[in-house]
Amino acid sequence: MLNDENVEQLTVEYINSLPILRYAGNIEIVSTPYDVDELMRKLRDEPSVGFDTESRPSFVKGKTYPVSLIQLATPKNVYIVRFGKTGFTDSLAYFMESNVEKIGV
């Protein structure tokens with residue numbers, strides 16, 4: 001298993017030796033504030049949730065763009081929240097401050 005102590009072992013050969021895996025679970029697109037509220041009710045009892053964001057890339061130094069997608073994942077489901085359409089709802093704010101462990105990069 002790779003950890004902080006042996007991260008130098010992360011070579012091209014090591015990466016190429018890993019199996020190719022495909023996510024086979026459910027993917028749900030969340031596009032309305034109501035759907036976000038429903039999703040937050042589903043996630044509140046999860047012990048941990050994968051978390052990532054996406055925004056438009058910028059190729060100009062110092063230029064950034066707002067978050068457009070939030071990806072939330074459980075072992076059985078992935079949720080793509082279209083943040084540009086849903087906005088930052090109260091239920092999402094509450095979830096982000098909750099004790100559910102958020103795991104991301």
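Which residues does Thr 74 touch, not counting residues up to four places away in sequence? I looked this up early and found Leu 43 and Glu 46. Contact here means heavy atoms within 4.5 Å.

**Ground rules**

I noted that this is a predicted model, where local features need pLDDT of at least 70, side-chain atom pairs count only at pLDDT 80 or more, and totals for chains, interfaces and linings use all residues. Residues are numbered from 1 along each chain as its sequence is written, and side-chain values use heavy atoms, with hydrogens and water left out.

**The whole chain**

I went through the elements and found four helices and five strands. Helices (H or I, at least four residues) and strands (E, at least two) are DSSP runs, numbered from the N terminus. Read along the sequence, the pattern is α-β-α-β-β-β-α-α-β.

Next I checked the overall dimensions. The C-alpha trace spans about 45 × 40 × 25 Å along its principal axes. The radius of gyration is 17 Å, whereas a compact globule of 105 residues would have one near 13 Å. That radius is taken over C-alpha atoms, and the globule rule is 2.2 Å times the number of residues to the power 0.38.

I then asked how much of the chain is buried: 21% of the 105 residues. Buried means under 20% relative accessible area, exposed over 50%, and partly exposed in between (1.4 Å probe, protein chains only). The chain exposes about 8200 Å², with carbon and sulfur atoms supplying 55% of it. These areas come from the Shrake-Rupley method with a 1.4 Å probe, and for residues only the protein chains shown count as cover.

I looked at contacts with a sequence separation of 6 or more, and residues 24 or more positions apart account for 54% of them.

Charges came next: I have 11 positive and 15 negative side chains, and the centres of the two sets lie 10 Å apart. Lys and Arg count as positive and Asp and Glu as negative, while His and the chain ends are not counted. Each charge is placed at NZ of Lys, CZ of Arg, CG of Asp or CD of Glu.

**Helix H2**

I listed the buried residues of H2 and got Val 36, Leu 39, Met 40 and Leu 43. Seen down the axis of H2, they fall within an arc of 100 degrees, so they line one face of the helix. The arc is that of the directions from the helix axis to the C-beta atoms. The buried residues of H2 pack against strand S1 (26-30), S2, S3, S4, H3 and H4.

I also stopped at Lys 42, which lies in H2 and is partly exposed at a relative accessible area of 44%. Leaving out residues up to four places away in sequence, Lys 42 touches Glu 28 and Tyr 79. Lys 42 and Met 96 are 54 residues apart in sequence and 14 Å apart in space, C-alpha to C-alpha.

**Strand S4 and the loop before it**

Back to Thr 74: this residue lies in the loop between S3 and strand S4 (77-82). Thr 74 counts as buried, at 10% relative accessibility.

In S4 itself I picked Val 81. Is Val 81 buried or exposed? Val 81 counts as buried, at 3% relative accessibility. Apart from neighbours within four places in sequence, Val 81 is in contact with several residues, among them Val 36 and Leu 39, both of which are buried residues of H2. Another buried residue of H2 is Met 40; Val 81 and Met 40 are 41 residues apart in sequence and 11 Å apart in space, C-alpha to C-alpha.

**Helix H4 and the loop before it**

I found Thr 89 in the loop between H3 and H4. Thr 89 is buried, with a relative accessible area of 11%. Not counting residues up to four places away in sequence, Thr 89 touches Pro 33, Val 36 and Asp 37.

In H4 (residues 90-97) the buried residues are Ser 91, Leu 92 and Phe 95. Seen down the axis of H4, these fall within an arc of 100 degrees, so they line one face of the helix. I followed their packing to helix H2 (33-43), strand S2 (48-55), strand S3 (67-73), helix H3 (83-86) and strand S5 (101-103).

What does the face turned away from the buried side of H4 carry? I noted the exposed residues Asp 90, Tyr 94 and Glu 97 there. Asp 90 has a relative accessible area of 72%. My last look was at Asp 90 and Leu 72, 18 residues apart along the chain, with C-alpha atoms separated by 17 Å.
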